[in-house]
Amino acid sequence: MKNESISTKKIVMTAFFAAIIYLGIQSFRIPLPAAVGTPFLHFGHIFVMLAVLMLGPKLSTVAGVLGLLVFDVLNGYIQAIPNVFVSTIIKCLLVGMIFQSLKKKAQGDAKKEYGYAVLCAAIYGVTNIIVDFIWSTVELVVLGSSWSAALAAEITSIPATIINAGFTVVGIAILYVPVKKAYQRILGA
């Protein structure tokens with residue numbers, strides 16, 4: 001019976017994270033300049049990263065994809081869905097597996113685990129920059145741009161992605177410990 005309860009709680013927490021990921025973007029957006037697209041500073045990546053740290057790679061992938069795609073559908077970013085879908089899967093699975101491995105290495109040392117959480121937020125940010133750069137460059141070429149024009153446009157758009165990556169790292173540095181305590185209380189761990 002206890003395993004069933006934990007499973008139900010994890011499903012509920014996955015849905016909760018999907019909802020706060022959506023709300024984290026919907027309720028707070030500061031437009032950022034870029035040559036391509038309409039990037040903005042938001043809490044979405046912070047909440048995706050918190051999901052990765054709390055739920056692990058698989059459930060955070062579900063929460064991240066759901067939260068981000070619901071935002072895209074409801075806000076007219078339908079063209080971004082393939083990129084968001086693929087990049088969220090890559091980031092959540094990759095960073096989730098890295099964090100699980102590092103967490104085991106920490107062997108219960110809270111300071112080490114905190115450091116690993118912040119490090120993983122940086123890895124998430126760098127992964128986001130790389131995946132977004134590659135995806136967007138290829139997308140521009142497929143749509144008819146030359147490679148040089150696509151690369152130039154994407155290079156000028158990188159600062160917006162870097163700002164969001166830095167915002168994510170700072171957010172995790174501030175929120176990891178209190179969110180982990182609350183999450184453990186909810187799960188009864």
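Allow me to begin with a definition: a crossing of two helices is called right-handed if the near helix is turned clockwise from the far one by less than a right angle. The structure before us is a predicted model, and I shall present two topics.

The first is a pair of helices. Helix H2, residues 44-55, passes helix H4, residues 81-106, in just such a right-handed crossing. Their axes come within 9 Å and cross at roughly 45°. The two helices are therefore oblique to each other. Which residues of H2 and H4 meet? On the side of H2 they are His 45, Val 48, Met 49, Val 52 and Leu 53; on the side of H4 they are Lys 91, Cys 92, Val 95, Gly 96 and Phe 99. Sorted by character, the residues of this contact comprise seven nonpolar, two polar and one charged.

The second topic is the aromatic rings. How many aromatic pairs does the count give? The count comes to nine. One of them joins Phe 40 and Phe 71 in an edge-to-face arrangement, with 6.0 Å from centre to centre and 65° between the planes. This pair links distant parts of the chain, as Phe 40 belongs to strand S2, residues 40-41, and Phe 71 to helix H3, residues 57-74, with their positions 31 residues apart in numbering. Phe 40 and Phe 71 are both buried.

Phe 71 also pairs with Tyr 77, and here the rings are stacked: the centres are 5.7 Å apart and the planes differ by 20°. Tyr 77 is buried, as is Phe 71.

Finally, I draw your attention to one aromatic cluster, formed by Phe 28, Phe 43, Phe 47 and Phe 167.

Key:
Residues numbered from 1 in each chain as written. Predicted model: local features only at pLDDT ≥ 70, side-chain atom pairs only at ≥ 80, totals over all residues. Heavy atoms only, no water. Axes fitted to C-alpha atoms, helices over the stretch in contact; angles between N-to-C directions. Helix = DSSP H or I, 4+ residues; strand = E, 2+ residues; numbered from the N terminus. Parallel < 35°, antiparallel > 145°, perpendicular 65-115°, else oblique. Contact = heavy atoms within 4.5 Å. Nonpolar A, V, L, I, M, F, W, Y, C, P; charged D, E, K, R; others polar. Phe/Tyr/Trp six-rings, centres within 6.5 Å; stacked < 30°, edge-to-face > 60°. Buried < 20%, exposed > 50% of the residue type's maximum accessible area, 1.4 Å probe, protein only.
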